[in-house]
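Reader: I've got a model to look at and a few things I'd like to ask. Could you walk me through it?

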Amino acid sequence: MRLKDKVSIITGAANGIGRATALKFVREGARVTLADLNQSALNDVLADIRELGGDAIACVVNVTSQVQIDDMVQRTLARWGRVDVLVNNAGIVADARLQKMTDEQFDRVIDINLKGVYRCTKAVVDIMVGQGSGSILNASSVVGLYGNFGQTNYAAAKFGVIGFTKTWAKELGPKGIRVNAVCPGFIATTILDSMPEKVIQQMEEKVPLRRLGTPEEMANVYAFLASDEASYINGAAIEATGGVML
Ligand code: NAD
């Protein structure tokens, strides 16, 4: 078990990549705090974890609320006394090309996908520094490397997440904390629900492996990066895209 007893907080854990990552972490022996807006989906994940015999708690958290984030961290500490891994996975899309994008769309995506990562990391960083160890994993995207039509807000957030990653790797590496980003390509989750079938087909054709990725394939990357097997990986933005470069 690669994550035995590692206390891990995963945001956006109720669906998609976050859910698959939570289940993978539990199978690898981690103790997991599941954080998400969606209480009923969160409870379903918790039930799946209990069925696996795993140890987890569920917290209803909006990553735009520092109060809710701090409460989640306190609940994690009360239960297990430490935080080894933070997976900053919660994210949304609100697409429009530049000329049509509203300030509300822009601000919403930045607040969740970028500032949410900042808020959650601030909430655990002193704990990890005190422990002298930790692993912080940030959800970027292939869009955070190459940009994408209709995603001004999302691209800005995902490029920004790589900026956080490289900066925190420098600040926190000397304190025993590794910080890395994962850049998924096109992954089959509900985040793609708003996209027309035709667009999804075009996405598949762009991928050298000729298919979308699965949440489980992303969970494998998170589990590796969180584990001690990745002990010399710091400040990296790992592409898990099937080879697509947009
Ligand atoms: P998803 O929509 O399936 O799941 C996202 C989860 O985040 C949901 O459970 C949702 O309730 C939660 N969430 C949304 N806003 C929140 C908030 N304010 N506070 C707390 N939780 C919130 O999405 P996914 O495809 O699994 O994406 C997960 C991450 O991976 C995101 O950051 C996304 O940008 C990134 N990503 C996804 C893809 C893809 O193709 N699916 C590609 C690249 C990057």
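Author: Happy to. One cut-off first: buried means under 20% relative accessible area, exposed means over 50%, and partly exposed is in between. Keep in mind that this is a predicted model.

Reader: Then is R79 buried, exposed or partly exposed?

Author: Buried would need under 20% and exposed over 50%. R79 has a relative accessibility of 43%, so the class for R79 is partly exposed.

Reader: Which residue does the R79 side chain meet in a salt bridge, and where in the chain is that partner?

Author: The side chains of R79 and D55 meet at 2.7 Å, N to O. R79 belongs to helix α3 (residues 66-80), and its partner is 24 residues away. At 22% relative accessibility, the partner counts as partly exposed. So you're looking for D55, in strand β3.

Reader: Which residues are joined with D55 and R79 into one network?

Author: Let me start from a pair outside that list: R119 and D111 meet in a salt bridge at 2.6 Å, N to O. R119 is buried at 9%, whereas D111 is partly exposed at 27%. The network itself comes from salt bridges that share partners, and besides D55 and R79 it takes in K4, D5 and R31.

Reader: How many residues apart are R19 and D48?

Author: Their side chains meet in a salt bridge at 2.6 Å, N to O. The pair links distant parts of the chain, with R19 in helix α1 (residues 16-27) and D48 in helix α2 (residues 39-51). R19 is partly exposed at 29%, and D48 is partly exposed too, at 27%. Along the chain, R19 and D48 are 29 residues apart.

Reader: On to the sheet. Which strands stand at its edges?

Author: The sheet is open, with seven strands in the order β3-β2-β1-β4-β5-β6-β7 and parallel pairing. An edge strand has a single partner, so one of its sides is left without a neighbour in the sheet. That picks out β3 (55-60) and β7 (237-240).

Reader: Over how many bridges do β5 and β6 pair?

Author: Strand β5 covers residues 134-139 and strand β6 covers residues 177-184. In this pair, G134 stands opposite I177 in β6. The two strands run in the parallel sense, and the count of bridges is six.

Reader: What lies across β5, β6 and β7, and at about what angle to β6?

Author: Look for helix α6, residues 152-172. This helix lies across all of β5, β6 and β7. Its angle to β6 is about 160°.

Technical notes
Residues are numbered from 1 along each chain as its sequence is written. This is a predicted model: local features need pLDDT of at least 70, side-chain atom pairs count only at pLDDT 80 or more; totals for chains, interfaces and linings use all residues. Side-chain values use heavy atoms; hydrogens and water are left out. Two strands pair if DSSP finds at least two bridges between them. Helices (H or I, at least four residues) and strands (E, at least two) are DSSP runs, numbered from the N terminus. Contact means heavy atoms within 4.5 Å. Axes are lines fitted to C-alpha atoms, for helices over the stretch in contact, and angles run from 0 to 180 degrees between N-to-C directions. A salt bridge is a side-chain nitrogen of Lys or Arg within 4 Å of a carboxyl oxygen of Asp or Glu. Buried means under 20% relative accessible area, exposed over 50%, partly exposed in between (1.4 Å probe, protein chains only).
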